[in-house]
Amino acid sequence: MQDLGETIKAGATTVNLGDTVGINMPQETRELVSYLKANTPGIDDVVISVHCHNDLGVATANAIAGIRAGARQVDVTVNGIGERSGNAALEEVVMSLKRRGSDVMDGVYTRIDIRQIMATSNMVQEYTGLYVQSHKPIVGANCFVHESGIQQDEMLKNRSTYEVLSPEDVGVVKTENPDIFLGKHSGRHALKDRLKELGFEISDDKLNDVFSRFKDLTKQKQRITDADLKALVTCCDEISSESLNGANGNEINSDGYEPVPKISSVV
């Protein structure tokens with residue numbers, strides 16, 4: 001701490017704590033920042049920064065722990081790319097602050113335009129060739145996808161039940177009500193609601209018939225498209241997956257959303 005004090009005395013304006021090998025746990029990061037604040041001469045005159053690697057999968061948690069202890073600068077990367085297992089992900093840290101900063105982090109916030117997150121993420125993926133996993137928080141293809149019948153039913157009533165942030169928050173534009181993908185776990189409520197959106201008002205008897213054939217089709221295709229649903233309603237014969245948008249149903253965009261292409265700020 002004395003060396004840091006001398007560094008500050010010599011004119012340093014930022015003190016960076018680097019977990020370069022990604023070994024720290026969040027509690028350790030919080031304790032380290034707290035100790036630094038309590039025992040370093042002149043620390044109140046500089047910015048404390050944390051640099052967290054993701055070797056153990058806790059880079060974002062460490063960054064948040066540092067912030068909660070008093071760090072006011074964090075090193076982050078878009079999509080969490082970086083050496084070895086990467087660094088704390090910008091989108092995860094930013095949206096954590098946006099969603100919980102006022103509740104548990106003394107009102108900490110950033111000036112980043114969160115509506116540019118998805119477009120920026122996709123741009124970085126395109127230029128680096130480093131594509132994120134579908135379940136990657138905030139920017140993954142499955143972030144706003146709901147297939148479970150229970151979740152779909154609640155989503156139709158109140159989206160906040162299963163979404164802590166909306167796709168529009170991060171710059172995702174809805175195309176065809178893509179929050180809900182119909183698949184083997186979907187129920188009658190979700191199916192009826194989607195058919196209504198497509199312009200089909202059908203009786204309960206007809207719905208039972210369509211739902212039965214819908215469940216048969218889900219054994220052949222992972223996700224059912226709107227074109228499949230139209231065919232199920234208008235066709236009475238047995239429908240094979242080959243006749244409905246291809247054999248494997250991969251033609252539909254996996255996330256059902258398209259990002260806003262314009263980037264108006266650099267983050």
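In this predicted model, Asn-16 stands opposite Ser-49 of strand S2, and a little further on Gly-18 has His-51 of S2 opposite to it. These two pairs belong to the contact between strand S1, residues 14-19, and strand S2, residues 47-52, which run parallel and are joined by six bridges.

On its other side, S2 pairs with strand S3, residues 73-75, again in the parallel sense, here over three bridges. Ser-49 has Gln-73 as its bridge partner in S3, while Val-50 has Val-74 as its partner in S3. Ser-49 can therefore be followed in both directions, since Asn-16 stands opposite Ser-49 and Gln-73 is its bridge partner in S3, given that pairing is judged from DSSP bridges.

The residue pairs named for these strands are set out below.

| Residue in S2 | Partner | Strand of the partner |
|---|---|---|
| Ser-49 | Asn-16 | S1 |
| His-51 | Gly-18 | S1 |
| Ser-49 | Gln-73 | S3 |
| Val-50 | Val-74 | S3 |

Taken together, the three strands form an open sheet in the order S1-S2-S3, with parallel pairing. S1 and S3 are the edge strands, each of them pairing on one side only, and neighbouring strands of the sheet are turned against each other by 20° on average when direction is ignored.

The faces of S1 can be told apart by residue. Val-15, Leu-17 and Asp-19 make up the covered face of S1, whereas Thr-14, Asn-16 and Gly-18 make up the uncovered one. In a regular strand the side chains alternate between the two faces of the sheet.

The connections between the strands run through helices. S1, helix H2 (residues 26-39) and S2 make a right-handed β-α-β unit, and the chain then crosses from S2 through helix H3 (residues 59-69) to S3 in a β-α-β crossover that is also right-handed.

Further along the chain, helix H4, residues 90-104, contains Lys-98. Is Lys-98 buried or exposed? With a relative accessibility of 57%, Lys-98 counts as exposed, because the cut-off for that class is over 50%. The C-alpha atom of Lys-98 is separated by 6.4 Å from that of Tyr-109, although the two residues are 11 residues apart along the chain.

Helix H7, residues 188-197, and helix H8, residues 204-218, have axes that come within 11 Å and cross at roughly 110°. The two helices are therefore roughly perpendicular to each other. On the side of H7 the contact is made by Arg-188, Leu-191, Lys-192 and Leu-195, and on the side of H8 by Asp-204, Leu-207, Asn-208, Val-210, Phe-211 and Phe-214. Sorted by class, the contact of H7 with H8 has six nonpolar residues, one polar residue and three charged residues.

For the chain as a whole, the secondary structure comes to nine helices and five strands, and from the N terminus on the elements run α-β-α-β-α-β-α-α-α-β-α-α-α-β. Of the 267 residues, 42% count as buried. Among contacts between residues at least 6 apart in sequence, 64% join residues that are at least 24 apart.

Terms used
Residues numbered from 1 in each chain as written. Predicted model: local features only at pLDDT ≥ 70, side-chain atom pairs only at ≥ 80, totals over all residues. Heavy atoms only, no water. Axes fitted to C-alpha atoms, helices over the stretch in contact; angles between N-to-C directions. Helix = DSSP H or I, 4+ residues; strand = E, 2+ residues; numbered from the N terminus. Parallel < 35°, antiparallel > 145°, perpendicular 65-115°, else oblique. Contact = heavy atoms within 4.5 Å. Nonpolar A, V, L, I, M, F, W, Y, C, P; charged D, E, K, R; others polar. Right-handed = clockwise from strand over helix to strand, strands pointing away. Buried < 20%, exposed > 50% of the residue type's maximum accessible area, 1.4 Å probe, protein only.
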